[in-house]
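Visitor: I should like to go through the ligand site and a hairpin, with the criteria behind each term. Please show the structure.

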Amino acid sequence: MSDSLPFFSDEAFDSFYPMKVRKLSSTHWTPIGVAIKAVIFLVKNHRTRVLDLGSGAGKFCVVAAMNTDAHITGVEQRAGLVFLSRKLALHYKVENVSFIHSDIKEINFRQFDSFYFFNSFEENLNLKDKIDADNNFNPVKYLEYFDFLKQKLDEANVGTRVVTYYGDSDIIPESYIRVKSVNNGKLLFWEKKH
Ligand SMILES: C[S@@+](CC[C@H](N)C(=O)[O-])C[C@H]1O[C@@H](n2cnc3c(N)ncnc32)[C@H](O)[C@@H]1O
């Protein structure tokens, strides 16, 4: 957590990013107000380990880390975005955050207590708002990752918390209950009950 919490508008925060990445913000990166609501739910105490599944340009992770004493980790497949995320954390002097350059499938989910998921697999279906030229229409891959994540969340410990922002809430297994729905149903809070 930063010593003094600066107040940011999304525009001011995003001004760190190069123009190409800034332009993606309203569609692909979590707004500050959403990140703050999510981290308040995801963190039970300072030992809680939070993972952002597909951390993009690091916006959720850095804003979340500014608002908690817990450690926030992001996993992201695009090397350039991981590099930028690390620069973002240095720029804002946020130390309780780290970024892994990897595929979500390579992660040991047991190392984390709660998860943030902003519709990361949608890029395999929606080519209207592409992040970059690596976006390809691949519904088979979408379903493969959807099933993978659903199973990992089902295997997690009772008490695991998840926040989803946009996307298909069927990715959350029946072992979870929906605790809260805000932002017109776009931001959902879940907890594993059995
Ligand atoms: C909608 S963006 C969200 C970014 C970030 N969580 C935020 O809210 O600011 C989704 C990100 O997930 C990443 N992603 C998609 N599939 C992934 C995978 N299999 N492994 C790692 N990252 C992935 C994409 O590269 C993209 O940067």
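Visitor: What makes the approach of glycine 54 to the ligand a polar contact?

Guide: A polar contact is a pair of N or O atoms within 3.5 Å. A backbone N or O atom of glycine 54 lies 2.8 Å from a nitrogen atom of the ligand, so the pair meets that definition. A polar side-chain atom of aspartate 52 also lies 2.8 Å from a ligand nitrogen atom, and for a backbone N or O atom of isoleucine 104 the distance to a nitrogen atom of the ligand is 3.0 Å. The protein covers 97% of the 600 Å² of accessible area that the ligand has on its own (Shrake-Rupley method, 1.4 Å probe).

This is a predicted model, in which local features need pLDDT of at least 70, side-chain atom pairs count only at pLDDT 80 or more, and totals for chains, interfaces and linings use all residues. Residues are numbered from 1 along each chain as its sequence is written, and side-chain values use heavy atoms, with hydrogens and water left out.

Visitor: Why are eight residues of the shell around the ligand called nonpolar?

Guide: They are so called because Ala, Val, Leu, Ile, Met, Phe, Trp, Tyr, Cys and Pro count as nonpolar. The shell also holds eight polar and six charged residues, with Asp, Glu, Lys and Arg counting as charged and the others, Gly among them, as polar.

Visitor: How do you know that strand β6 and strand β7 pair?

Guide: Pairing requires that DSSP finds at least two bridges between two strands. Strand β6 (residues 176–182) and strand β7 (residues 187–192) have six bridges in the antiparallel sense, and therefore they pair. Arginine 178 stands opposite tryptophan 190 in β7.

How values were computed: Polar contact = N/O pair within 3.5 Å; in protein donor to acceptor, adjacent residues only side chain to side chain. Helix = DSSP H or I, 4+ residues; strand = E, 2+ residues; numbered from the N terminus.
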